[in-house]
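Colleague: I am new to this model and would like a guided look at one part of it. Could you pick a part and take me through it slowly, with whatever surroundings help?

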Amino acid sequence: MLKRKDWLLIVLVIAVAAAMLGVSRLLPKTDLSTKTADVTLAPDAIEYVATPAPEATEAPEATQAPQATQTPEATEAPQATEASKATQAPAQEAAMVGPMPPKQAERVRGYVVLTVGGRQYGEPIPMDRDKVITLKQDDGKVNKVHITPETVYMEYSTCENQDCVGQGEVHVDTYQNRILGTYIICLPNNVSIEMVPAGD
Amino acid sequence: MRNKRAQQVALSGLLTSLMLVFGLIERQFPLTAAIPGVKLGLANSVLLYSLYMLGIRQSFVLMLLKALMSWLIYTNLNAMFYSLGGGLLSLAVMILLSRVRGVSIIGVSALGAVFFNVGQILVAVLMLNTPQLLVTYLPVLMISGVVTGVLTGVVAQMVMKHLKTINGRG
């Protein structure tokens, strides 16, 4: 059974692990200004998820309906905010007819940095509204990242273990309690998602 | 013992397939979905057995074969790099520790499991370009590695005890 040197080694490893956990608490927050795109994100990679009901003043619950029941309908809006505002305007007029593009959050609470194979895809993406980013790689690997004003999660992945989907969401309020912190990582597809909370 | 070489080849094949089957079974029962990379690592007890009973060279070949096969089975080249990174570092540490007096097979197994995780994280840091993983994620895997390593070490110890008895009689 366990000998004295075994115990010594085990205690040593746990001590090192505890020290590293301590260091990780002291790490400075990721500086967004150092995060610049290595690869430009294709404009059609972003898909806005439409809210099911128009911005109804009489029924505010409608906007908080569970995701599963919604039919995510794509509004092909380019990334530039100027352009997306332009496409939004006619949609708002027709609000009574079809689903609306999601309302923009009053305050952006965080940004999302997407890395594929060690290269950053696009500039940090503001968590301003409900949207899905599709990351396609040349060899057929696909990951879909769902961003809402408060959370980020891996919605879909072609990888075999689906660990990234199982890692759940990173919430801007509760990420400190997550084991992976601000990260969601898909090792088989070499994709990492980092949520960077915006300063107050 | 008429044909030692053929016997060795057969045993290697048996052990390799045993490692792969253990790996496949573990995949079906993830210990936790929230912490990727945490697994029992029963394949390591096979490698431990080979290290103690068959020698360094054979163990090295087994480790390489496992990495290569994981590429073929999961059709994912990245899976091979992670397996290789973890396997090389882990085997090196286990070889060194198995020669230190006063360290039992359980201690060797625990440290081997920990360094398997260290190797994997190092590969992940290189491939994903995220050095923060070293301090945020590695400690979690180190602690889980100690626990699972002790468990697989106990398994290897028990298996070896019984196999020695069988071999002694035969």
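Modeller: Gladly! Let us begin with a term: helices (at least four residues) and strands (at least two) are DSSP runs, numbered from the N terminus. Please keep in mind that this is a predicted model. With that term you can place Ala50(A), which sits in the loop joining strand 1 (46-49) and strand 2 (74-75) of chain A. Ala50(A) has a relative accessible area of 4%, so this residue counts as buried, since the cut-off for buried is under 20%. Along the chain, Ala50(A) and Asp130(A) are 80 residues apart, yet their C-alpha atoms are separated by 7.7 Å.

A second loop of chain A makes a good companion. Asn190(A) lies between strand 9 (183-186) and strand 10 (191-197). Its phi is near 60°, a positive value in a residue that is not glycine. Asn190(A) is buried as well, at a relative accessible area of 10%.

The part I have picked for the close look, though, is chain B. What is chain B built from, helices or strands? It has 7 helices and 0 strands, so from the N terminus on you can read its elements as α-α-α-α-α-α-α. For the overall shape, the C-alpha trace of chain B spans about 55 × 35 × 30 Å along its principal axes. A compact globule of 170 residues would have a radius of gyration near 15 Å, and chain B, with 16 Å, agrees with that. Of the contacts in chain B with a separation of 6 or more, 70% are between residues 24 or more positions apart. Buried residues make up 50% of the 170 in chain B. The accessible surface of this chain comes to about 8600 Å², and carbon and sulfur atoms hold 70% of that.

Now to the inside of the chain. Helix 2 of chain B covers residues 43-53, and 9 of its 11 residues are buried, so this helix is largely enclosed by the rest of the structure. Among the buried ones are Ala43(B), Val46(B), Leu47(B), Tyr49(B) and Leu51(B). Just after helix 2, Gly55(B) takes a positive phi of about 110°.

The outside has its own landmark. Which residues make the nonpolar surface patch of about 660 Å²? They are Leu24(B), Leu68(B), Met69(B), Trp71(B), Leu72(B), Ile73(B), Leu77(B) and Phe81(B). Helix 3 (56-74) and helix 4 (77-98) of chain B each supply at least two of them, and helix 3 gives the most, with 5 residues. A rule about helices is handy while you look: an α-helix has 3.6 residues a turn, so residues three or four places apart point the same way. Trp71(B) belongs to helix 3, and a relative accessible area of 35% makes this residue partly exposed.

Let us finish where chain B meets chain A. Asp6(A) is found in helix 1 (residues 4-26) of chain A. Leaving aside residues up to four places away in sequence, Asp6(A) touches Met1(A) and, from chain B, Gly102(B), Val103(B), Ser104(B) and Gly107(B). Asp6(A) is buried but has no salt bridge. The nearest side chain of opposite charge is that of Lys3(A), 6.6 Å away, whereas a salt bridge needs the charged atoms within 4 Å.

Note on methods
Residues are numbered from 1 along each chain as its sequence is written. Chains are lettered from A and ligands numbered from 1 in the order in which they are written. Side-chain values use heavy atoms; hydrogens and water are left out. Buried means under 20% relative accessible area, exposed over 50%, partly exposed in between (1.4 Å probe, protein chains only). The radius of gyration is taken over C-alpha atoms; the globule rule is 2.2 Å times the number of residues to the power 0.38. Contact means heavy atoms within 4.5 Å. Accessible areas come from the Shrake-Rupley method with a 1.4 Å probe; for residues, only the protein chains shown count as cover. Patches are made of residues with over 30% relative accessible area and no salt bridge: like charges are joined within 9 Å, nonpolar side chains (Val, Leu, Ile, Met, Phe, Trp, Tyr) within 5 Å. Lys and Arg count as positive and Asp and Glu as negative; His and the chain ends are not counted.
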